Amino acid sequence: MPLELFELCGREGQRYSQFSWRTTMALAHKGLQAEPKPVRVSDKAAIAFSKQDKVPILVDGEVAIPDSWRIAEHLESRYCDAQSLFGGETGHALARFINAWVDRTLLGRLAPLIAVDVVTILDDADARHVRGQFERIFGKPLEELAASRDEGVVAFRRLLDPARAVMRFQPFLSGADPAYADYILFSLFQWARIVSAFPVLEPNDALAAWRERMLDLFGGLARTQISFPAMER
């Protein structure tokens, strides 16, 4: 039975969820493909079968696995003969730290910078839903958040210094080759690239070069995704 990936989809087919991109890259790393199942963020009925209300959801045979981290662990154990996502228990533990760092620190700084752009790629129902979520979280209209993003991006870039320092010694967070830790961090920039023209990285940043290497992986899998038309992102 083929794998299926339920994931958020924009008005014109944009696969814009950062969490789904973690899974998409993990699948490619394992040499696997999943049939995409686009879901509108306001359509909870479409994923009611999973007995929860979040995507991505990977359906593997009779099993439905929600949550990008749980999906990665499932892929690692279920397809253990394929290339490892973590490189062993130590790498697994370190990837868990990167997952927490990205979700608890970086995402909270990036989201207000591009939230106003996210709603522009969605249909009306999803745009209302997402706008309401963001404005409840941040306590301000999205346009007000965007008004200060030139200052906010400076603080966001500063938070990336640990990853930037690693790039002085190796091409990927995980060493000579990418692994799941890279896919976690990359998902932030892929999200921004798809929804917004706002430059979250400066062109000469070492992380911008790393992002280009990530976009080239797996035959340019991430690069081919519909994205906001801009020269530099």
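Leu5, Glu7, Arg15, Thr24, Leu27, Ala28, Leu32, Gln33, Ala34, Pro36, Phe218 and Leu221 form the lining of the second largest pocket in this predicted model. Three elements, β1 (3–8), α1 and β2 (34–39), each hand two or more residues to that lining. Helix α1 has the largest share, with three residues. Sort the lining of the second largest pocket by class and you get eight nonpolar, two polar and two charged residues. Its volume comes to about 200 Å³.

How do we spot spaces like this in the first place? Rolling a probe the size of a water molecule over the atoms shows where empty space is left.

Now for the largest pocket, which has a volume of about 920 Å³. Its lining counts 35 residues, and Leu8, Phe19, Lys54, Val55 and Gln133 are the ones that lie nearest the centre. Which helices supply at least two residues each to this lining? They are α1 (18–29), α2 (68–78), α3 (89–118) and α4 (124–138). Helix α3 gives the most, namely eight residues. By class, the lining of the largest pocket splits into 19 nonpolar, seven polar and nine charged residues.

**A serine in helix α2**

Let's zoom in on serine 68, which sits in helix α2. Is serine 68 buried or exposed? Its relative accessibility is 5%, so serine 68 counts as buried. Leaving aside residues up to four places away in sequence, serine 68 touches Phe19, Arg22, Thr23, Pro56 and Tyr180. Two of those names come up elsewhere in this report: Phe19 lies among the residues nearest the centre of the largest pocket, and Tyr180 belongs to a cluster of rings.

**Rings that pair up**

A pair of aromatic rings is described by the distance of the centres and the angle of the planes. Searching the whole structure turns up 10 aromatic pairs. Here are two of them, both with tyrosine 180 as a partner:

| Pair | Centre to centre | Angle between planes | Type |
|---|---|---|---|
| Phenylalanine 86 and tyrosine 180 | 5.7 Å | 75° | edge-to-face |
| Tyrosine 180 and tyrosine 183 | 6.5 Å | 80° | edge-to-face |

Where do the partners sit along the chain? Phenylalanine 86 is in the loop between α2 and α3, while tyrosine 180 is in helix α8 (residues 180–195). These two are 94 residues apart, so this pair links distant parts of the chain. Tyrosine 180 and tyrosine 183, on the other hand, both lie in helix α8, three residues apart, or about one turn of the helix.

Phenylalanine 86 and tyrosine 180 are both buried, and tyrosine 183 is buried too. Ring pairs also build a wider group: Trp69, Phe86, Tyr180, Tyr183 and Phe218 are linked into a cluster. Phe218 is a name you have met already, in the lining of the second largest pocket.

**What about the cysteines?**

A disulfide is a covalent bond between the sulfur atoms of two cysteines. How many disulfides does a search of the whole structure find? The count is zero. Take a look at two cysteines anyway. Cysteine 9 has a relative accessibility of 11%, so cysteine 9 counts as buried. Cysteine 80 comes in at 55% relative accessibility, and therefore counts as exposed.

Notes
Residues are numbered from 1 along each chain as its sequence is written. This is a predicted model: local features need pLDDT of at least 70, side-chain atom pairs count only at pLDDT 80 or more; totals for chains, interfaces and linings use all residues. Side-chain values use heavy atoms; hydrogens and water are left out. On a 1 Å grid over the protein atoms alone, a cavity is a set of points where a 1.4 Å probe fits but cannot get out, and a pocket is an open set with protein on both sides within 12 Å along at least five of seven lines; lining residues have an atom within 4 Å of a point. Grid points are joined across faces, edges and corners, and a volume is the space filled by probe spheres set on the points. Helices (H or I, at least four residues) and strands (E, at least two) are DSSP runs, numbered from the N terminus. Ala, Val, Leu, Ile, Met, Phe, Trp, Tyr, Cys and Pro count as nonpolar, Asp, Glu, Lys and Arg as charged, and the others, Gly among them, as polar. A disulfide is a pair of cysteine sulfur atoms within 2.5 Å. Buried means under 20% relative accessible area, exposed over 50%, partly exposed in between (1.4 Å probe, protein chains only). Contact means heavy atoms within 4.5 Å. Rings of Phe, Tyr and Trp (its six-membered ring) pair if their centres lie within 6.5 Å; planes under 30 degrees apart count as stacked, over 60 as edge-to-face and the rest as tilted.
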